[in-house]
Amino acid sequence: MKNNRICELFKIEKPIIQAGMIWCSGWELASAVSNAGGLGLIGSGSMYPDILRDQIQKCKKATSKPFGVNVPLLYPNIDDHIKIIIEEGVKIVFTSAGNPKTWTNHLKQHGITVVHVVSAVKFALKCQEAGVDAIVAEGFEAGGHNGREETTTLVLIPQIRKAVTLPLIAAGGIGLGSQMAAAFALGAEAVQVGSRFVATPESSAHQNFKDAVINTKEGDTVLTLKQLTPVRLIKNKFFNEVEKAEKEGASAEELEKLLGRGRAKKGMFEGDMNEGELEIGQVSATIDTIIPAAQIVDEIMNDFNTTIEKLKSLAF
Ligand code: NDP
């Protein structure tokens with residue numbers, strides 16, 4: 001692809017980034033997406049430091065193409081993760097859920113390309129000040145942690161495009177090439193795709209969770225736990241308990257207690273569909289097959305190109 005700043009920045013062929021999702025994005029998924037010409041990301045937020053090192057080493061063996069690591073800045077042992085990333089020679093880091101000023105300089109001093117994930121214009125401006133190389137703008141439709149403002153991708157991308165000159169990756173509600181084309185129309189230069197890549201043989205998610213994703217219908221996900229860190233998940237028994245507690249006026253501390261520890265692992269990795277936290281985006285309503293990651297990359301690119309061609313005939 002000619003003149004695409006994201007492809008040039010990461011030295012990749014196709015402007016599709018696979019989101020570094022907790023419990024789902026290990027080396028098998030990341031290397032499969034990178035080998036298919038996109039950019040694969042290891043999701044380090046659910047990995048103890050020694051596991052992250054092992055995952056990076058396996059990814060290096062599985063692909064000679066560029067890949068990166070996603071680091072949620074809320075992670076408790078973040079210093080260890082950053083040290084391992086540098087020691088293992090990882091060249092691309094996506095940071096999320098925190099202030100981009102904290103780690104950008106340090107990572108860039110070690111020759112690492114830094115991208116930060118934002119959900120609002122004010123955070124995109126902070127990214128520009130922090131000196132990141134590119135931004136992921138993630139809308140309300142996205143799974144997992146999300147912004148409080150509930151700005152949809154359709155509204156968020158043009159505003160961020162106008163506010164900053166940095167290369168821009170759109171996320172949230174993107175799993176099809178037609179959705180990718182819509183994001184490009186709004187000013188994005190690449191897309192980050194999460195949910196679609198959960199339903200792959202290469203994803204490390206539990207089979208029960210993959211099956212739940214392909215069975216999810218319109219309206220089955222919701223953005224909840226806004227008093228803590230807002231998160232989009234599938235409505236299940238655990239969510240019903242959260243909803244009931246909120247209706248009864250539960251405080252943040254009470255919700256924290258109800259959430260407990262390791263809910264996401266229980267749901268997405270151990271396959272407990274009742275008690276676990278099942279983080280996925282709205283786009284799961286359009287996903288009904290478990291297919292290899294490389295096939296997804298090809299299908300999205302073909303659908304993208306067909307959509308662009310079709311749109312040309314619609315111009316007045
Ligand atoms: P919890 O506090 O509920 O549980 C921590 C989980 O992370 C446990 O399952 C634990 O595994 C695992 N873990 C891995 N490394 C460590 C470590 N160094 N210290 C403690 N636990 C560790 O957190 P969540 O599961 O809700 O979230 C985990 C991380 O993922 C957080 O950093 C969070 O910010 C991030 N996250 C990011 C999202 C996003 O959209 N970017 C979405 C949701 C979470 P074990 O049970 O084996 O001990």
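A crossing of two helices is called right-handed if the near helix is turned clockwise from the far one by less than a right angle. In this predicted model, helix 8 passes helix 14 in a crossing of that right-handed kind. The contact involves Gly177, Ser178, Met180, Ala181 and Phe184 on the side of helix 8, and Ile300, Met301, Asp303, Phe304, Thr307 and Ile308 on the side of helix 14. Sorted by class, the residues in this contact are seven nonpolar, three polar and one charged. Helix 8 spans residues 177-185 and helix 14 spans residues 293-312; their axes come within 7 Å and cross at roughly 60°. Helix 8 and helix 14 are therefore oblique to each other.

A second helix pair is formed by helix 6 (residues 121-130) and helix 7 (residues 153-163), which pack at an angle of about 35° with their axes 10 Å apart. The crossing of helix 6 and helix 7 is right-handed. From helix 6, Val121, Ala124, Leu125 and Gln128 meet Gln159, Ile160 and Ala163 of helix 7. This contact of helix 6 with helix 7 has five nonpolar and two polar residues, and no charged residues.

Helix 2 covers residues 27-35, and its buried residues are Leu29, Ala30, Ser31, Ala32, Val33 and Ser34. These buried residues pack against strand 1 (16-18), strand 2 (40-43), helix 3, strand 3 (67-72), helix 9 (195-198) and helix 14. After helix 2 comes Gly37, with a positive phi near 100°.

In strand 2, Gly40 and Ile42 point one way, Leu41 and Gly43 point the other way, and all are buried. Strand 2 pairs with strand 3 in the parallel sense, over four bridges. Within this pairing, Val69 in strand 3 is the bridge partner of Ile42.

Two residues of helix 3 were examined individually. Cys59 lies in helix 3, which runs over residues 49-62. With a relative accessibility of 0%, Cys59 counts as buried. Leaving aside residues up to four places away in sequence, Cys59 touches Trp27, Ala30, Ser31, Ile42 and Phe67. Of these contacts, Ala30 and Ser31 are among the buried residues of helix 2, and Ile42 is a buried residue of strand 2. Between Cys59 and Gln227 there are 37 Å in space, C-alpha to C-alpha, and the two are 168 residues apart in sequence.

Gln55 is also found in helix 3. The relative accessible area of Gln55 is 14%, and the residue is buried, the cut-off for this class being under 20%. With residues up to four places away in sequence again not counted, Gln55 touches Gly26, Trp27, Ile42 and Met47. Trp27 and Ile42 are thus listed for Gln55 as well as for Cys59. The C-alpha atoms of Gln55 and Glu28 are separated by 8.8 Å, and the two residues are 27 residues apart along the chain.

Strand 8 (residues 168-171) directs Leu168 and Ala170 one way and Ile169 and Ala171 the other way, and all are buried. Strand 8 pairs with strand 6 (residues 134-138) in the parallel sense over four bridges, and Ala137 stands opposite Ala170 in strand 8. The pairing of strand 8 with strand 9 (residues 190-193) is likewise parallel, over three bridges. Here Ala171 stands opposite Gln192 in strand 9.

Elsewhere in the model, an open sheet of three strands with antiparallel pairing has the order 7-11-10. Strand 7 (144-145) and strand 10 (221-224) stand at the edges of this sheet and have a single partner strand each, so one side of each is left without a neighbour in the sheet. Strand 10 and strand 11 (residues 231-234) pair in the antiparallel sense over four bridges, with Val231 in strand 11 as the bridge partner of Thr224. Helix 11 (residues 237-247) lies across strand 10 and strand 11 and runs at about 45° to strand 10.

Note on methods: Residues are numbered from 1 along each chain as its sequence is written. This is a predicted model: local features need pLDDT of at least 70, side-chain atom pairs count only at pLDDT 80 or more; totals for chains, interfaces and linings use all residues. Side-chain values use heavy atoms; hydrogens and water are left out. Axes are lines fitted to C-alpha atoms, for helices over the stretch in contact, and angles run from 0 to 180 degrees between N-to-C directions. Angles under 35 degrees count as roughly parallel, over 145 as roughly antiparallel, 65 to 115 as roughly perpendicular and the rest as oblique. Contact means heavy atoms within 4.5 Å. Ala, Val, Leu, Ile, Met, Phe, Trp, Tyr, Cys and Pro count as nonpolar, Asp, Glu, Lys and Arg as charged, and the others, Gly among them, as polar. Two strands pair if DSSP finds at least two bridges between them. Buried means under 20% relative accessible area, exposed over 50%, partly exposed in between (1.4 Å probe, protein chains only).
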